[in-house]
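Me: I'm used to gels, not models. Could you show me how to read one, feature by feature?

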Amino acid sequence: MAFEMVALAFLGALAFVVVFFLLAYNSLVGKRMQIDNAWSQIDVQLKKRYDLVPNLIETVKGYAKHEKSVFENVTKARAAVMGAAGVAEKAKAENALSKTLKSILAVAENYPQLRASENFKMLQEELSGIENKIAYARQFYNDSVMSYNTSIQTVPTNIVAGIFGFAPREFFKTEGAERENVKVSF
Amino acid sequence: MVAMANFFDSAAENRRNSYLLMLAVFIIAFAALYGFSLIFFGNSVLGLALGIVLSAIYVAVAYYASSSIVLSLCGAREAGKGEFPYLVNVVEGLSLAAGVPTPKIYIVDDPAPNAFAVGTSADKSSVAFTTGLLSSLSRAELEGVAAHEISHIKNLDSRMATLAVVMVGFVAILSEIGLRSMFWGGRGGSTRGRGGGLFALVGLLIIVLAPFAAQLVRLALSRQREYLADATGAQLTRYPEGLASALEKIGKLGSKVQRASDATAPLYFASPISGLQLLSTHPPIEERVKRLRSM
């Protein structure tokens, strides 16, 4: 009788552990998928900006032919983005492109005719829209990485993560002041 | 991370509650139909069949058509292409931040600033903004309001609210349409015989039941979810002040929307009808602003 009780308790505990492993494993896979999805959302926006750059250069060139070095920098930065692999490198190339794009807009400030052109205004609105979306997509990506990294490092999911080799993911870092997350409590 | 956990908790809760709601509505509709056919036809087999079939149809139609029913009740039209490019940008950006598919954008032609979100799932949702909101808010404020609505979509508040409004508020909606047609239709026409009498009886029943139904909708939807959507919205924009100042502006301008009714009121961003605060579907604006500013 006593033996049966022990066997039953053992089986119960085993079932509990198995169910826990399944749930933890599925939740980790779900979180990892969310990161990949978030990453592809960033990529979509980056691609849009990438496609917008030649248009922008052509438009600015029409009014400001002499600013050769600015155009060259943008073109170079744009090419670098295409060559970048991995999260950290891509983030760095992206930041460089953002900076050179800012410089092109700063140059435009000196050409009133350019600023007044409808085409330029439209490109500017489109660019700021895309930059905003990049920022939001990055935010969602980083939130997802944060949630995933927290799970694989905290007890008890870290055991499952260790066994099945869930590696921590990299954040998409930006240079300069990032908007701080607000503290929310209930 | 606290709010992150809350997102998923409240989404799970809303999912469960909306299934419970559908089940409850099915059972009540079935009981009513069964009783009705037992009394009028004295036939329990017919009642059983009628009850099951009609209740199932009612719940299914309410589920699949709920979004379009609510949108047309509120007088919303789909935003035309290129009509509000910055609004599209704002909504697309915040959907990216929340990790939900971009909802469809609707416009309500009304000078009062207000907004609402409907949809039975995150990938089939819509957000509606009044023209008054678009013309009176700055971009940061508009982002705050849009983030609040997208939070409702993400944590499935909008699903629960849409279903509650259509399924339970159905009676209130009917009485509203009835009252409206009474005002417009006037007194003309003659009363017909027994059929007219039965019709009038049903009409009277609906009008008597309507306030209870509207109250039930309110009970089903807690006011707490507005605070939660404010908080998660602020977490999406990382800028609580935008939403806080939008709320202040809306409080000053007044959020009373013409096409809103007792039944659809709980959906809106700020209370679209006037009434007692005690019975209100929305927490007071000052309290919401205070909580946002203390984040």
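Me: Let's start small. Which residues does B:Leu46 touch, leaving out those up to four places away in sequence?

Reply: A contact here means that two C-beta atoms, placed from the backbone, lie within 7 Å. Leaving out residues up to four places away in sequence, B:Leu46 touches B:Ser37 and B:Phe41. Before we go on: this is a predicted model, where local features need pLDDT of at least 70 and side-chain atom pairs count only at pLDDT 80 or more, while totals for chains, interfaces and linings use all residues. Residues are numbered from 1 along each chain as its sequence is written, and chains are lettered from A and ligands numbered from 1 in the order in which they are written.

Me: Where does B:Leu46 sit, and is B:Leu46 buried or exposed?

Reply: Helices (H or I, at least four residues) and strands (E, at least two) are DSSP runs, numbered from the N terminus. B:Leu46 belongs to helix 2 of chain B, residues 44–73. For burial, count other C-beta atoms within 10 Å: 20 or more is buried, 12 or fewer exposed, in between partly exposed, again with C-beta atoms placed from the backbone. B:Leu46 has 14 such neighbours, so it counts as partly exposed. For a sense of distance, the C-alpha atoms of B:Leu46 and B:Ala65, 19 residues apart along the chain, are separated by 27 Å.

Me: And what does chain B look like as a whole?

Reply: Chain B has 11 helices and four strands, and 45% of its 295 residues count as buried. Take the chain B contacts with a separation of 6 or more: 73% of them join residues 24 or more positions apart.

Me: What is the average pLDDT of chain B?

Reply: pLDDT is the predictor's confidence in each residue, from 0 to 100. The average for chain B is 82, and 86% of the residues score at least 70. Residues 1–5 of chain B stay under 50, with 10 contacts beyond four places in sequence in the model. Residues 186–194 of chain B are also below 50, and that stretch has one contact beyond near neighbours in sequence. Where pLDDT is low, don't read the predicted coordinates in detail. The model's own scores are ipTM 0.72 and pTM 0.80.

Me: Now backbone oddities. What should I look for?

Reply: Most residues other than glycine have a negative phi, and most peptide bonds are trans. B:Leu156 has phi near 65°, a positive value, and sits in the loop between helix 5 (139–154) and helix 6 (157–167) of chain B. It counts as buried because it has 24 C-beta neighbours inside 10 Å. B:Arg238 has a positive phi of about 60°, in the loop between helix 9 (224–237) and helix 10 (240–253) of chain B. With 17 C-beta neighbours inside 10 Å, B:Arg238 counts as partly exposed. In chain A, a cis peptide bond joins A:Val155 and A:Pro156, with omega about 5°.

Me: How do helix 5 of chain A and helix 3 of chain B pack?

Reply: Axes are lines fitted to C-alpha atoms, for helices over the stretch in contact, and angles run from 0 to 180 degrees between N-to-C directions. Helix 5 of chain A (residues 118–153) and helix 3 of chain B (residues 85–98) pack at about 20°, with axes 7 Å apart. Meeting there are, among others, A:Tyr136 and A:Phe140 from helix 5 of chain A and B:Leu94 and B:Leu96 from helix 3 of chain B.
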